[in-house]
Amino acid sequence: NQLDRTAVPLICALIDLCPYLTRMDLKRNKLDEDAVNDLQNFVERIPGVTSVTRDPVTSDIIAKSGMQVRMVVALEDQSPVDPNETPLSPTSQLFGEGEEAD
């Protein structure tokens, strides 16, 4: 998986488009602490969410509405971003952006 901090706006837009989403699996990507904090800040502002916590072991974001778990964003096993890698847009693999033309 190759999602990094450049994918956060698209992830937030996807969460916004799916109001009944209860679980998002973002395990084994390249989301750094700033990206995870941005996701957490977005989840905190979802209407109806009353509290947001982070699991200290897995870093999962757990959003509750009262006592009921509203959404879990699974964030286990994030890899560090390769400093030598050229940042691409989040859709680069989907649309073949950044590839050399034959």
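Mentor: Before we discuss the sheet, one term is needed: two strands count as paired if DSSP finds at least two bridges between them. Please bear in mind that this is a predicted model.

Trainee: Which residue in β4 stands opposite A63?

Mentor: β3 and β4 are paired, with 5 bridges between them in the antiparallel sense. Within β4, the residue opposite A63 is M71.

Trainee: On the β2 side, which residue is the bridge partner of A63?

Mentor: β2 and β3 also run antiparallel, joined by 4 bridges. Among the bridge partners, K64 in β3 is matched with S51. For A63, the partner is V52.

Trainee: Which residue takes a positive phi in the hairpin of β3 and β4?

Mentor: The hairpin of β2 and β3 has 6 residues between its strands, and S59 in that turn has a positive phi of about 70°. The hairpin of β3 and β4 has 2 residues between the strands. There, a positive phi near 70° belongs to G66.

Trainee: What is the order of the strands in the open sheet?

Mentor: The sheet has 4 strands and its pairing is mixed. At its edges lie β1 (23-25) and β2 (51-54), each of which pairs on one side only. From one strand to the next, the twist averages 15°. The order is β1-β4-β3-β2.

Trainee: What angle does the direction of α2 make with that of β2?

Mentor: α2 packs on the sheet, where it touches β2, β3 and β4. The angle between the directions of α2 and β2 is about 160°.

Trainee: Which element gives the most residues to the largest nonpolar core?

Mentor: This core has 21 residues, and those with the most contacts inside it are L26, L31, L39 and I61. Two or more residues come from each of α1 (8-17), α2 (33-44), β3 (61-65) and β4 (68-74). With 5 residues, the element that gives the most is α2.

Trainee: Which cysteine does L39 touch?

Mentor: Leaving aside residues up to four places away in sequence, L39 touches V8, I11, L26, L31 and I61, among others. The cysteine that L39 touches is C12.

Trainee: Is C12 buried or exposed?

Mentor: Buried means under 20% relative accessible area. C18, at 30% relative accessibility, is above that cut-off and therefore counts as partly exposed. C12 has a relative accessible area of 11%, so it is buried.

Trainee: How many disulfides does a search of the whole structure find?

Mentor: A disulfide is a covalent bond between the sulfur atoms of two cysteines. The search covers the whole structure, and the number of disulfides found is 0.

Trainee: In what sequence do the elements of the protein chain run from the N terminus?

Mentor: The protein chain has 3 helices and 4 strands. From the N terminus on, they run α-β-α-β-β-β-α.

Trainee: What percentage of the accessible surface of the protein chain belongs to carbon and sulfur atoms?

Mentor: Buried residues make up 29% of the 102 residues in the protein chain. The accessible surface comes to about 6,900 Å². Of this surface, the part that belongs to carbon and sulfur atoms is 52%.

Notes: Residues numbered from 1 in each chain as written. Predicted model: local features only at pLDDT ≥ 70, side-chain atom pairs only at ≥ 80, totals over all residues. Heavy atoms only, no water. Core = buried A, V, L, I, M, F, W, Y, C linked by side-chain atoms within 4.5 Å. Buried < 20%, exposed > 50% of the residue type's maximum accessible area, 1.4 Å probe, protein only. Contact = heavy atoms within 4.5 Å. Axes fitted to C-alpha atoms, helices over the stretch in contact; angles between N-to-C directions. Disulfide = S-S within 2.5 Å. Areas by Shrake-Rupley, 256 points an atom, 1.4 Å probe, with all protein chains shown as cover.
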